[in-house]
Amino acid sequence: MADYTIKELATTFGCSKQSIFNYMDELNKQGFTSKRGNQILVNEAGFNYIREKKQSSGRVTVKETNSERTPK
């Protein structure tokens, strides 16, 4: 399972890092995040959660799908 940094998520969704941080409270409550050093990582379930929220709002489309991303 791949983990995504905040910057990777912002690039994928075509939004700012602050926009991704707006979801962090909910992501932390549901256990979708972890830390590696100074980086906050969001797992695949968190990626899907943000994608659903962004697409339901109609403001942002996803630039790439999970299958196109190479895991770390």
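A search of the whole structure, a predicted model, finds 3 aromatic pairs. In one of them, the ring centres of F32 and Y49 lie 6.1 Å apart with planes at 45°, so this pair is tilted. The pair ties together distant parts of the chain, 17 residues apart. F32 sits in the loop between α3 (24-29) and β2, while Y49 belongs to helix α4 (residues 44-57). There is also an aromatic cluster, made up of Y4, F13 and F47.

**Burial**

How accessible are the residues discussed here? The table gives relative accessible areas.

| Residue | Relative accessibility | Class |
|---|---|---|
| F32 | 14% | buried |
| S19 | 15% | buried |
| Y49 | 17% | buried |
| I40 | 27% | partly exposed |

The cut-off for buried is under 20%. F32 is at 14%, so it counts as buried. Y49 is at 17%, and therefore buried too. I40, at 27%, counts as partly exposed because its value falls between the limits of 20% and 50%.

**Strands**

Strand β3 (residues 39-42) pairs with β1 (residues 4-5) in the antiparallel sense, over 2 bridges. Here Y4 stands opposite V42 in β3. Y4 is also a member of the aromatic cluster with F13 and F47. Strand β2 (residues 33-36) pairs with β3 as well, again antiparallel, over 4 bridges. Within that pairing, R36 has Q39 in β3 as its bridge partner. The hairpin of β2 and β3 has 2 residues between the strands. In this hairpin, G37 takes a positive phi near 65°.

**I40 in strand β3**

I40 has its place in strand β3. Which residues does I40 contact, leaving aside its neighbours within four places in sequence? They are Y4, T5, I6, F21, M24, T33, S34 and K35. Of these, Y4 and T5 fall in β1 (residues 4-5), and T33, S34 and K35 fall in β2 (residues 33-36). K7 stands 33 residues from I40 in sequence, and their C-alpha atoms are 9.7 Å apart in space. In a regular strand, side chains alternate between the two faces of the sheet.

**S19 in helix α2**

S19 is found in helix α2, which covers residues 17-21. What joins the side chains of S19 and K54? A polar contact of 2.5 Å does. K54 falls within helix α4 (residues 44-57), so this contact links helix α2 to the helix that also holds Y49. At 15% relative accessibility, S19 counts as buried.

Conventions
Residues numbered from 1 in each chain as written. Predicted model: local features only at pLDDT ≥ 70, side-chain atom pairs only at ≥ 80, totals over all residues. Heavy atoms only, no water. Buried < 20%, exposed > 50% of the residue type's maximum accessible area, 1.4 Å probe, protein only. Polar contact = N/O pair within 3.5 Å; in protein donor to acceptor, adjacent residues only side chain to side chain. Pairing = 2+ DSSP bridges. Phe/Tyr/Trp six-rings, centres within 6.5 Å; stacked < 30°, edge-to-face > 60°. Contact = heavy atoms within 4.5 Å.
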